[in-house]
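Welcome to this short tour of a molecular structure. Please have a look at the sequence and the 3D view below, and then we can walk through the places where its parts meet.

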Number of protein chains: 4
Amino acid sequence: MTTQHGSAGKTAAVPQRLLAEATRLFADRGFDRTSVQEIVEAAGVTKGALYHYFGSKDDLLHEVYARVLRLQTERLAAIAALEEPVADRVRKAAADVVVSSIQNLDDTKIFFRSIHQLSPDKQRAVRSDRRHYHEMFRSLIEEGRDTGVFRAEPVPDLVVDFFFGSVHHLAVWYRPDGPLGAEQVAEQFADLLLHSIRTS
Amino acid sequence: MTTQHGSAGKTAAVPQRLLAEATRLFADRGFDRTSVQEIVEAAGVTKGALYHYFGSKDDLLHEVYARVLRLQTERLAAIAALEEPVADRVRKAAADVVVSSIQNLDDTKIFFRSIHQLSPDKQRAVRSDRRHYHEMFRSLIEEGRDTGVFRAEPVPDLVVDFFFGSVHHLAVWYRPDGPLGAEQVAEQFADLLLHSIRTS
Amino acid sequence: MTTQHGSAGKTAAVPQRLLAEATRLFADRGFDRTSVQEIVEAAGVTKGALYHYFGSKDDLLHEVYARVLRLQTERLAAIAALEEPVADRVRKAAADVVVSSIQNLDDTKIFFRSIHQLSPDKQRAVRSDRRHYHEMFRSLIEEGRDTGVFRAEPVPDLVVDFFFGSVHHLAVWYRPDGPLGAEQVAEQFADLLLHSIRTS
Amino acid sequence: MTTQHGSAGKTAAVPQRLLAEATRLFADRGFDRTSVQEIVEAAGVTKGALYHYFGSKDDLLHEVYARVLRLQTERLAAIAALEEPVADRVRKAAADVVVSSIQNLDDTKIFFRSIHQLSPDKQRAVRSDRRHYHEMFRSLIEEGRDTGVFRAEPVPDLVVDFFFGSVHHLAVWYRPDGPLGAEQVAEQFADLLLHSIRTS
DNA sequence: AATGAATGAGTGTTCATTCAT
DNA sequence: AATGAATGAACACTCATTCAT
């Protein structure tokens with residue numbers, strides 16, 4: 001239920017190891033198809049240890065979400081706070097979320113595939129955090145629209161849903177060993193977004 | 001393939017009923033969280049009946065995919081064959097897939113969430129069909145690029161992945177009882193796509 | 001429940017075909033591991049046809065036993081009735097049962113492996129027939145013992161059990177494509193039996 | 001491997017209890033006709049406990065075979081190593097396997113009736129061990145033949161198959177409450193074997 | 001901090017048999 | 001004489017979780 005931060009054991013601390021292996025396995029075969037036994041074996045501990053640190057399998061998944069949401073919210077907040085033209089900030093935010101989605105491809109896979117497997121209350125918490133993130137991004141679009149930089153037409157909410165569909169979909173098709181590096185994809189996705197919304 | 005007992009309407013034939021209930025339940029709670037027991041209870045038959053018509057639970061899911069892929073491929077082929085400027089055909093194709101994705105929202109939900117739960121060989125078959133569809137769409141974009149209507153930069157493959165991320169994501173956020181009708185979303189998604197790729 | 005003898009269809013009559021395929025399959029994978037579905041598919045008919053001719057899967061197995069017992073009993077009776085020295089009749093009977101067990105190796109396999117899978121009443125019937133056969137053979141041994149040709153010691157019952165264990169075991173080790181033909185094995189088994197019981 | 005709770009006797013450790021009950025039930029009604037549920041009920045535990053100790057129902061059967069093969073191989077090796085005339089060693093070995101087959105009648109029943117229900121790889125392992133045992137016995141017969149004590153004619157392999165058919169068949173007819181004790185049967189079987197092969 | 005034996009409810013699947021046609 | 005849809009009970013096996021130690 002709690003996560004230790006003091007480094008203790010020989011290699012990584014037990015809860016961190018469990019979380020890392022769980023993330024890998026959830027991305028690989030999905031939450032429901034990953035057994036607690038597999039997680040503890042991969043982490044080199046026993047079930048008792050897992051249940052000492054985490055209240056349930058569900059908790060483990062929730063931790064993955066919490067970590068990813070925290071990270072992305074922080075990055076977006078930093079970019080939104082820059083003193084730059086709004087179009088530049090939107091471009092940077094869009095590119096940044098693509099890069100971080102690719103760098104944490106396992107988390108991205110889990111994100112859009114496993115929300116429904118969280119318990120209802122945890123699901124609510126995650127969706128609420130996600131909505132907060134969504135609103136931050138929407139605010140940037142609104143700012144651009146209100147200052148005449150972006151077109152009025154597709155309402156900002158729709159634009160955000162449009163773009164984040166593309167971002168989540170990275171987990172489906174992106175291959176680290178493919179022809180495109182994360183930065184290249186990021187630049188082109190940002191380019192597509194900007195073209196799609198800016199006043200012609 | 002089906003046995004009707006003279007009466008025309010009311011209760012559909014057993015395999016159709018099973019497939020309909022399975023689709024609803026898979027969309028609702030996911031493939032792994034839907035038990036065969038729940039499906040047969042919803043369809044008002046017994047497990048034996050299900051296994052009389054379908055080889056496995058997996059088969060049922062595969063049928064859902066086959067139906068959706070057949071439908072979308074037919075619609076795209078019809079639009080691609082129209083004698084209209086390529087930009088118009090792309091716009092129509094984009095709008096059409098949004099409309100049909102919203103009209104069959106259950107299938108759309110299942111599509112991007114449950115592929116990984118298909119058996120490897122069925123997964124291969126579905127991905128192959130999907131790739132075929134993707135390539136049809138890509139050909140349209142290529143045609144536009146080669147005729148100077150669309151920009152050269154984001155390669156057509158990337159554009160298709162970008163756009164279909166948005167389409168699949170509809171299943172996550174679209175609400176039939178929300179403010180936007182299917183046609184409105186379709187028009188705006190097509191608009192965003194066209195703006196994002198046409199030569200300025 | 002009844003067996004047709006009038007040749008009817010194109011190839012063999014349906015019940016005969018069912019019985020033949022069932023025998024092959026029961027020998028191959030055992031009674032419990034052979035499904036009714038497999039039998040009817042092998043025979044090229046449907047379940048309804050099987051249940052038209054046979055009351056149950058059990059019935060099918062019972063027919064196999066009945067056929068084999070009838071055959072062996074007839075052959076033994078014929079040999080026992082010969083007007084020859086008892087030692088010669090025992091030798092012939094022993095050799096003959098070996099030959100017929102090898103010629104009908106599938107039945108032999110089924111015989112000693114699947115009795116316990118018959119319903120209690122059918123099992124009783126088979127055991128009773130088998131006992132009758134055993135007693136016929138035992139009578140020959142007794143005649144030899146009473147006329148001083150065979151030793152008194154191992155009681156005839158034990159001798160019969162000793163020898164028929166060897167015969168049933170043929171199904172376990174005998175290979176039609178092995179080095180020994182049916183007649184060779186028959187001769188040597190008969191030889192072993194005779195040596196084991198005759199007065200030195 | 002087992003956890004004893006201080007008290008010495010009464011209830012055996014869980015895996016032993018499971019193995020004992022499984023042996024009894026497999027002998028009683030056959031492997032396929034014994035359900036895992038029946039085994040765990042007889043042992044007074046739940047399915048989970050069984051699968052904690054054994055990988056599968058198949059594993060349980062394999063354990064029975066492993067135990068019986070180990071026991072018989074050890075006994076035969078001990079007898080073969082005695083410094084006695086070969087005829088005496090063969091007689092002792094034959095009598096001994098009869099006694100141990102009767103003393104472990106359940107294992108004997110399972111042995112010749114359920115091999116085919118083992119998974120192919122386990123079956124291979126058991127057959128290989130069995131062949132080893134067979135070859136040890138055959139070596140004794142060969143020694144007797146080469147030293148002129150036994151006849152040349154039925155080749156040793158055939159003699160072994162002949163005799164072990166009789167031994168396995170004990171499971172079919174022997175009754176502990178019948179007129180013959182294990183030692184009596186053993187003596188007479190050994191007597192029959194010796195008479196059947198020794199030089200007259 | 002951590003073990004591992006054990007639970008109990010649940011899973012997908014099989015199958016002999018029935019019966020209206 | 002034969003079909004094939006449908007049943008219902010059983011099957012082997014899995015798994016998140018608990019708890020005494």
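## Where two domains of chain A meet

In this predicted model, 13 residues of domain 1 of chain A are in contact with 14 residues of domain 2 of chain A. To find the two parts in your view, look for residues 14-53, assigned to domain 1, and residues 57-197, assigned to domain 2. Their C-alpha centres lie 27 Å apart. The area buried between domain 1 and domain 2 of chain A is about 1,300 Å², and carbon and sulfur atoms give 69% of that area. On the side of domain 1, Leu19(A), Ala27(A) and Phe31(A) lose the most area to domain 2, and together they account for 47% of what that side buries.

What kinds of polar links join the two domains of chain A? The count of salt bridges between them is zero, while five residue pairs are in polar contact across this interface. Three helices of chain A each give two or more residues to the side of domain 1 that touches domain 2: H1 (14-29), H2 (36-43) and H3 (47-53). H1(A) gives the most, with six residues. Sorted by class, this side of domain 1 has nine nonpolar, two polar and two charged residues.

## Around DNA strand F

Now let us turn to the DNA. How many residues surround DNA strand F? There are 27 of them, and the closest are His52(B), Tyr53(B), Thr46(C), His52(C) and Lys47(D). Of the atoms of DNA strand F within 4 Å of the protein, 68% belong to sugar or phosphate, and the rest belong to bases.

A few individual contacts are worth finding in the 3D view. An N or O atom in the side chain of Tyr53(C) is 2.5 Å from a phosphate oxygen of DNA strand F. Lys57(D) also approaches a phosphate oxygen of this strand, with a polar side-chain atom 2.8 Å from it. For Lys47(D), the partner is a base nitrogen of DNA strand F, which lies 2.4 Å from a polar side-chain atom of this lysine. The elements that give two or more residues to the surface near DNA strand F are H3 of chain A and the H3 helices (47-53) of chain B, chain C and chain D. That surface divides into ten nonpolar, 13 polar and four charged residues.

## Where chain B meets chain A

The last stop is the interface between two chains. The size of an interface is often given as the accessible area lost when the parts come together. Between chain B and chain A, the buried area is about 3,100 Å², of which carbon and sulfur atoms give 61%. Chain B brings 32 residues to this contact, and chain A brings 32 residues. Leu158(B), Phe162(B) and Leu192(B) supply 23% of the area that chain B buries against chain A, more than any other three residues.

Four salt bridges are found across the interface of chain B and chain A. One of the salt bridges pairs Asp191(B) with Arg151(A), with the closest N and O atoms 2.9 Å apart. There are also 15 residue pairs in polar contact across this interface. On the side of chain B that touches chain A, the helices giving two or more residues are H6 (105-114), H8 (156-173) and H9 (182-197) of chain B. H8(B) provides the largest share, eleven residues. By class, this side of chain B has 16 nonpolar, nine polar and seven charged residues.

How values were computed:
Residues are numbered from 1 along each chain as its sequence is written. Chains are lettered from A and ligands numbered from 1 in the order in which they are written. This is a predicted model: local features need pLDDT of at least 70, side-chain atom pairs count only at pLDDT 80 or more; totals for chains, interfaces and linings use all residues. Side-chain values use heavy atoms; hydrogens and water are left out. Domain bounds come from an automatic or database domain assignment. Contact means heavy atoms within 4.5 Å. Buried area is the accessible area (1.4 Å probe) that two parts lose on being put together, summed over both. A salt bridge is a side-chain nitrogen of Lys or Arg within 4 Å of a carboxyl oxygen of Asp or Glu. A polar contact is a pair of N or O atoms within 3.5 Å; within protein, one must be able to donate a hydrogen and the other to accept it, and residues adjacent in sequence count only if both atoms are side-chain atoms. Helices (H or I, at least four residues) and strands (E, at least two) are DSSP runs, numbered from the N terminus. Ala, Val, Leu, Ile, Met, Phe, Trp, Tyr, Cys and Pro count as nonpolar, Asp, Glu, Lys and Arg as charged, and the others, Gly among them, as polar. A residue is near a molecule or strand if one of its heavy atoms lies within 4 Å of it.
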